[in-house]
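Student: I should like to take a close look at a single part of this protein and then see what surrounds it in the wider architecture. Please begin from the question below and treat the rest as one connected account.

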Amino acid sequence: MNINVTNTLKRPEPQALASALEALAARFGNRLVTSQAVREQHGHTTTWLPNQPPDAVVMAQETADIQDVVRICARHGVPVIAFGTGTSLEGQVNAPAGGICIDLRDMNQVLEVHPEDLDCVIQPGVTRKALNEHLRDQGLFFPIDPGADASLGGMASTRASGTNAVRYGTMRDNVLALKVVRGDGEIIKTGTRAKKSSAGYDLTHLFIGAEGTLGIISELTMRLRGIPETIAAAACSFDSLRGACQATILAIQTGIPVARIELLNDEQVKASNSYSKLSLPETPLLLLEFHGSAAEVGEQSKNFAEIAKECGGGDFTWTTRPEDRTKLWQARHDAYWAVKALRPGAGVVATDVCVPISRLADCVGETEADLKRLKLISPIVGHVGDGNFHCSLACDVDDKEEMARGEDFMHRLVERAQAMGGTCTGEHGIGQGKQKYLQAELGPEALEAMRALKRALDPQNIFNPGKIVPAA
């Protein structure tokens with residue numbers, strides 16, 4: 001699927017690129033890959049941004065590999081793009097100016113675990129599922145769950161969150177410190193294992209969400225949590241979408257510590273029933289999860305059930321069996337594939353916005369009305385405990401008129417969220433796809449401050465150029 005992506009970036013001079021590739025080949029041998037297929041695998045492969053492959057891929061195995069790639073590329077003025085698992089949704093791994101992709105998947109070691117301090121030190125290629133497998137025997141887990149089995153380095157770079165964010169926060173709240181390779185190949189250390197610090201500028205949070213535009217993360221120190229004694233999952237259907245949103249708002253306002261609270265509109269429930277072989281009532285649905293002791297979970301569940309009943313909710317379907325909980329949440333994580341199966345052969349673009357939770361029902365309701373008016377298929381799911389929701393728009397890529405309606409819908413969605421005091425993206429990031437909305441959201445002064453930071457930390461503009469901040 002293709003839409004126009006502005007590309008005013010200048011590619012490196014052919015001789016400079018050739019010299020860089022020669023130096024990289026001498027250093028990395030067969031870990032430097034230039035085949036077309038591999039290069040395209042390391043460009044953007046999801047939604048409808050065009051694939052823009054790098055000129056070569058280096059398979060990194062240690063921090064020294066990242067440093068050497070950066071030094072060689074800096075010497076020749078060649079872009080460098082970090083790659084985790086490729087699950088980003090806004091073109092973050094594309095190479096619009098060519099350059100070298102550093103694939104970090106082989107840097108997948110858990111270096112240290114400190115159970116008594118509830119933290120660990122990992123390499124950036126460790127995925128969230130692999131980390132939780134490693135931690136399980138110690139009674140610990142890492143709570144951020146964006147759905148995809150993304151790498152932790154990539155999740156930090158895009159400031160990912162997901163279904164558990166309402167209780168455990170986002171990546172921003174769960175990274176204690178980073179080691180980052182800067183533009184000259186040296187290492188920046190941004191913090192320590194201490195749970196708080198007032199020592200200098202907060203460099204850790206500068207790099208979280210920077211999408212690899214300021215440096216490349218080579219090591220992360222992460223917060224961990226104890227696995228709860230009891231975990232209960234529930235599904236509750238509602239008469240109306242507004243009732244489901246109102247139940248969410250009341251639960252948050254009354255301080256019920258819900259671990260997960262996810263909204264599926266009726267179209268998404270129908271799609272998930274079909275794809276995941278469920279039999280849920282095909283009306284607006286909340287999926288919930290409660291963590292704590294058996295007594296705490298029982299009390300939380302009881303209190304939420306009372307709120308749901310007041311807001312038009314039906315009976316709860318409860319389970320504490322791990323296999324049943326897994327099936328329920330896997331169905332939520334498979335929402336994209338469920339939408340894709342609704343319309344075989346169509347392309348699907350997943351986009352997100354986030355609004356204050358008091359405006360959530362208004363924003364989702366107006367969005368559904370917009371979809372009906374534009375005659376588009378786009379089921380809605382949402383991390384409604386923090387006001388974040390997603391649309392999965394299925395379009396016929398060969399129908400120019402339908403594609404134009406799809407682009408109009410996404411533009412109106414962002415404008416609607418921003419007008420309600422929200423943001424153009426709650427967790428997908430800016431990448432290439434949402435650059436045009438930053439000025440309206442933050443103002444020209446904020447954009448110039450971002451450009452100043454980029455110039456200071458990456459004066460040659462080699463780190464993931466063409467992402468986040470649009471050209472002045």
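Is E211 buried or exposed, and what is its relative accessible area?

Tutor: The model is predicted. E211 is buried, with a relative accessible area of 5%; buried here means under 20%. The residue belongs to the loop that connects helix 8 (203–207) with strand 10 (216–223). Its backbone also deserves attention: the phi of E211 is near 55°, a positive value in a residue other than glycine. Most residues other than glycine have a negative phi.

K375 offers a useful counterpart. It too is not a glycine, and its phi is positive at about 55°. K375 sits in a loop as well, the one between helix 14 (360–374) and strand 17. Its surroundings are another matter: with a relative accessibility of 69%, K375 counts as exposed, whereas E211 is buried.

The loop of K375 leads on to strand 17, and from there to strand 18. Strand 17 (residues 380–383) pairs with strand 18 in the antiparallel sense, over four bridges. The two strands form a hairpin with four residues between them, and G387 in that turn has a positive phi of about 80°. Strand 18 (residues 388–395) is largely enclosed by the rest of the structure, because eight of its eight residues are buried. This holds for both directions in which its residues point: N388, H390, S392 and A394 face one way, F389, C391, L393 and C395 face the other way, and all are buried. Strand 18 is also joined to strand 16 (residues 347–354), by eight bridges in an antiparallel arrangement. C391 appears in both pairings: it stands opposite T351, and it is the bridge partner of I380.

Strand 12 (residues 230–238) is mostly covered as well, with nine of its nine residues buried. On one side are T230, A232, A234, C236 and F238, on the other I231, A233, A235 and S237, and both faces are covered. Strand 12 runs antiparallel to strand 14, to which eight bridges join it; within this pairing, C236 stands opposite L286. Strand 12 also pairs with strand 15 (residues 313–319), again in the antiparallel sense, over five bridges, and there A235 stands opposite T317.

Strand 14 leads to the internal voids. A search of the whole structure finds three cavities of 30 Å³ or more, and the largest has a volume of about 50 Å³. The residues that line the largest cavity are L264, V269, S272, L278, L280, L285, L287, L328, A331 and R332. By character, eight of them are nonpolar, one is polar and one is charged. Helix 10 (266–276), strand 14 (285–292) and helix 12 (322–333) each provide at least two lining residues. Helix 12 gives the most, with three residues.

Helix 11 (residues 294–310) shows a clear division between its two sides. At 1.5 Å a residue, its 17 residues should span 24 Å, and its end C-alpha atoms are 25 Å apart, which agrees. Within helix 11, V297, Q300, S301, F304, I307 and A308 are buried. These residues cover an arc of only 130° around the axis, which puts them on the same side of the helix. The spacing follows a general rule: an α-helix has 3.6 residues a turn, so residues three or four places apart point the same way. The face of helix 11 turned away from the buried side carries A295, K309 and E310, which are exposed.

Earlier in the sequence is an open sheet of four strands in the order 1-2-4-3, with mixed pairing. Strand 1 (32–33) and strand 3 (80–83) stand at its edges, each with a single partner strand, so one side of each is left without a neighbour in the sheet. Strand 2 (residues 56–59) and strand 4 (residues 100–103) run parallel and are joined by four bridges; C101 in strand 4 is the bridge partner of V57.

A last position is V414, which lies in helix 15 (residues 400–419). V414 is buried, with a relative accessible area of 1%. V414 and K434 are 20 residues apart in sequence, and their C-alpha atoms are 9.3 Å apart in space.

To return to the opening question, E211 is a buried residue with a positive phi, placed in the loop between helix 8 and strand 10.

Terms used
Residues are numbered from 1 along each chain as its sequence is written. This is a predicted model: local features need pLDDT of at least 70, side-chain atom pairs count only at pLDDT 80 or more; totals for chains, interfaces and linings use all residues. Side-chain values use heavy atoms; hydrogens and water are left out. On a 1 Å grid over the protein atoms alone, a cavity is a set of points where a 1.4 Å probe fits but cannot get out, and a pocket is an open set with protein on both sides within 12 Å along at least five of seven lines; lining residues have an atom within 4 Å of a point. Grid points are joined across faces, edges and corners, and a volume is the space filled by probe spheres set on the points. Ala, Val, Leu, Ile, Met, Phe, Trp, Tyr, Cys and Pro count as nonpolar, Asp, Glu, Lys and Arg as charged, and the others, Gly among them, as polar. Buried means under 20% relative accessible area, exposed over 50%, partly exposed in between (1.4 Å probe, protein chains only). Two strands pair if DSSP finds at least two bridges between them. The expected span of a helix is 1.5 Å times one less than its number of residues. The arc is that of the directions from the helix axis to the C-beta atoms.
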